[in-house]
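Here's a quick briefing for anyone opening this structure cold. Have a look at the model, then read on.

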Amino acid sequence: MTEPEVSGPAASADRAAGGLLDALEHLQQRLATLALPLDAPGADAARRDRAAALAQLDDYLLPRLRARSAPLLVVVGGSTGAGKSTLVNSLLGQQVSAPGVLRPTTRAPVLVHHPLDERWYSTDRVLPGLARLSAGHGSPAAPAEATADPARALRLVASDSLPRGLALLDAPDVDSVDVGNRRLAVQLLDAADLWLFVTTAARYADAVPWDLLHRAAQRHAQVALVVDRVDPGTEEVAADLRRMMDENGLPDARLFLVPESPLVEGLLPETAVADVATWLTALGADAPAREAVALATRDGVVDDLGRRAQVLADAAEAQVATDARLRRVVAAAYADAGAHVRLATSDGAMLRGEVLARWQEFVGTGELLRSVEQGVGRVRDAVTAFFRGTPVQAPRVEQAIAHGLTAVVLDAADAAAERTHAAWRDDAAGAALLTGLDLARASTTLRAEVDAQVRGWQGDVLELVREQGASRRGTARYLSFGVNAAGVSLMVLAFASTGGLTGVEVGIAGGTAVVAQKLLEAVFGDDAVRRLTADARDRLDTRVAGVLAREAERYTAQLDALGAADVDGAALRAAGRDVERAAGTERSARPAVTPARAAPAAAGHALRGAGVRSSGPSRRERGDAPGSADPDLADRPRPGFWRRLLGGAGRDGA
C-alpha cells in the first residue's frame with residue numbers, strides 16, 4: 001500500500017523549493033560548460049562573472065537550498081588591518097584567530113561554530129571547494145603555514161560561546177596584497193548569509209571595500225558594518241558613513257562603532273564589543289530572525305543569478321559572433337586566393353614565358369603558328385602536316401607547366417596568409433590566437449604539397465586522354481600523337497581563355513590555344529575536346545581548392561580547438577528564465593515567517609559582552625534615526641523584532 005501524498009502549504013513549499021533547486025542545478029550545468037575562450041568585447045568581465053556565479057552556486061546557494069536548516073553563516077570581512085580577527089576573538093573571549101603583524105594579516109579563513117554544529121562544516125556540504133582543518137574545541141586555528149595550500153583551507157574551531165545556529169567566519173582581507181587572498185575573501189563574502197563588514201575610522205571611505213558593498217547592495221545581501229578604532233570626538237564618521245551607505249544602496253544596514261580601546265591579553269574590553277555581541281547573540285537566539293536573514297540573502301542571490309544568466313548569454317552569443325567574424329576573414333582571404341589562381345590559369349597568363357617557349361619547341365614555330373593568322377583552312381593543312389612528321393616529345397612542356405602552376409598557387413597562398421594574419425592581428429580576439437604561431441606566410445611544407453598536387457593533376461589529364469583515346473588506339477593520328485603529347489595539348493587548352501587579354505597577348509596566348517585545340521580536335525573530335533577541357537579545369541580547381549583549404553585550416557583549427565562556435569547562449573538564457581520562474585513559484589508558496597519573541601541565550605552560549613552596557617557613542621552621536629530601537633534588543637523583544645534586528649525598522653546603531 002502506497003503512502004498517501006502529503007498535502008498542504010508545507011508540502012507545496014517543499015515542492016516549490018525542489019523546483020527551484022532543480023532549476024539552479026540546471027543553470028549550474030549550463031554555466032559549468034559555458035566556454036568563453038575568445039577575447040570578444042567584454043569577455044574578461046564575463047569570465048569573472050561566470051566564475052563568481054559558479055562559486056556562489058557551489059559555495060552558497062545550492063548548499064543553502066539543500067540544507068535549509070544549516071546554521072546562519074556570518075562572514076567577517078573587511079580591509080587589511082581593520083581588526084577582523086581581534087573582533088572575532090573579543091566576541092568569543094578567546095584567541096581563535098591569530099591576528100597577524102605582517103601584511104596580509106588573515107592568511108586563511110577561520111570558521112568558528114558551536115560544538116553541536118560541527119557536522120555542518122566538517123563535510124563539503126558548505127564551501128565544498130575548501131579543505132578542512134580542525135583546530136579542536138576552543139583552540140586557536142593552526143598557522144597557515146601548516147598546510148600545503150593554506151589559501152584553500154578552512155580552519156574549523158568549536159566554541160561554546162557561540163549560540164547554536166550561528167557561525168562566524170573570519171575571512172582574508174578584501175584588499176590584501178596577495179591576489180589569492182583577495183579572491184578568496186570575495187568568494188567567502190559571496191557565500192555568506194550575512195556580511196559583518198569591518199573597517200576603521202581612518203579607512204571607511206576606501207574604494208575597494210565600497211566596491212564590494214555596492215555589489216552586495218545590488219544583490220540585496222544582508223549587511224552590517226562595524227567601524228573599528230573610533231577615537232573619542234570623531235563619532236561624526238557615523239554620519240558620513242551613513243551618507244555613503246544611503247548612496248550605495250545600504251540605507252537599512254546595521255552600523256556599529258567600536259571605540260579605540262587598549263587590548264587586554266589580545267582582546268578588546270567587553271564594553272567595546274557589547275553592541276555587536278548583543279546583536280549577534282539575539283540573532284542566534286531567534287530562529288525566525290535567522291531564517292529571515294537567510295531567505296533575504298538567498299532571494300537576492302537568486303535574482304542576481306537570473307540577471308547574470310542573461311548577461312552571460314549575451315557574452316556567449318558574442319563568442320559565436322566573434323568566431324564567425326574571424327572565420328569570415330579566413331574564408332574571404334582564401335576564396336580570393338582561389339579566384340586568383342583560377343584567373344591566372346584561365347586568362348592565358350600561364351601561356352607565356354617558359355611555357356610558351358617549350359610549347360613552341362614542341363609544335364614548331366613555323367607552319368602551325370603562322371597558319372593561325374592565315375585562316376582555318378591553313379590550320380587544318382598545317383595540323384595534317386604535323387601528324388605526318390615526327391613531333392618533338394612533350395616532357396619539357398609538361399615540366400614548364402608544372403613550374404608555372406606551382407608558382408601561381410604558392411603566390412596566392414602566401415598572399416592569403418599575409419592578409420589573414422594582418423586582419424587577425426588587428427582584432428583583439430584574433431591577435432590572442434596568433435601568439436606563438438608563425439602564420440604570416442604559407443606553411444613551410446606547402447611547396448612539396450603543391451608539387452604533388454600539380455603532378456597529380458597532370459596525371460589526371462593524362463588519364464582523361466588515355467580513357468578518351470582507348471577507342472581510337474588504331475588510328476594513325478592517335479598513335480603518332482601519343483598520350484603525353486595529347487595531354488600537354490589539353491593542359492595548354494585548359495589554361496587558354498583570352499577574355500582578359502588584349503593586343504599582342506591575344507595573338508600569342510590565343511594562337512597557342514587554337515593550335516592545342518586543333519591538334520586535339522584532329523584526334524578526338526570537337527565534342528570530346530570540349531568535355532575533356534571542362535573535366536581538366538574542374539580537376540585542377542578541385543585540387544587547388546583542397547590545397548588552399550588545408551592552408552586556411554591553420555587558422556580555423558585555432559578556432560575549432562576552442563569551440564566558441566558551439567557556445568549555446570540560447571540554452572543559458574532559457575536556464576536563467578527557468579530560475580526566475582521557479583523562484584517566483586517558490587516565493588509564492590513560501591509560508592510567512594512568524595515573528596517570535598527572542599529566546600534568551602542559553603547559559604554559556606552568549607557572545608562575550610552581550611548585555612553589557614556599551615562604551616560606544618550614544619544613539620545621537622551614532623547618527624541613529626529619532627525613535628530608533630534601544631540597542632538592548634535581547635531584553636526587550638517586541639512584535640516585528642527580527643525586522644528591527646536587520647535594521648529594517650530604522651537606522652539602529654547597535
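Let's start with helix H5, whose buried residues (under 20% relative accessible area, 1.4 Å probe, protein chains only) are Asn-181, Leu-184, Ala-185, Gln-187, Leu-188, Leu-189 and Asp-190. Keep in mind that this is a predicted model, where local features need pLDDT of at least 70, side-chain atom pairs count only at pLDDT 80 or more, and totals for chains, interfaces and linings use all residues. Residues are numbered from 1 along each chain as its sequence is written, and side-chain values use heavy atoms, with hydrogens and water left out.

**Helix H5**
- The buried residues of H5 pack against H2, strand S1 (72–78), strand S5 (166–170), strand S6 (194–200) and helix H6 (207–218); contact here means heavy atoms within 4.5 Å.
- H5 (residues 179–190) has 12 residues and reaches 17 Å from first C-alpha to last, close to the expected 16 Å, which is 1.5 Å times one less than its number of residues.

**H2 and H9**
- The axes (lines fitted to C-alpha atoms over the stretch in contact, with angles from 0 to 180 degrees between N-to-C directions) of H2 (residues 43–66) and H9 (residues 287–344) come within 9 Å and cross at roughly 145 degrees.
- Residues of H2 that meet H9 include Ala-43, Asp-49 and Tyr-60, while those on the H9 side include Ala-294, Arg-308 and Gln-319.

**The whole chain**
- You'll find 22 helices and 8 strands, which are DSSP runs (helices H or I, at least four residues; strands E, at least two) numbered from the N terminus.
- Of the chain's 654 residues, 52% count as buried.

Methods
Buried means under 20% relative accessible area, exposed over 50%, partly exposed in between (1.4 Å probe, protein chains only).
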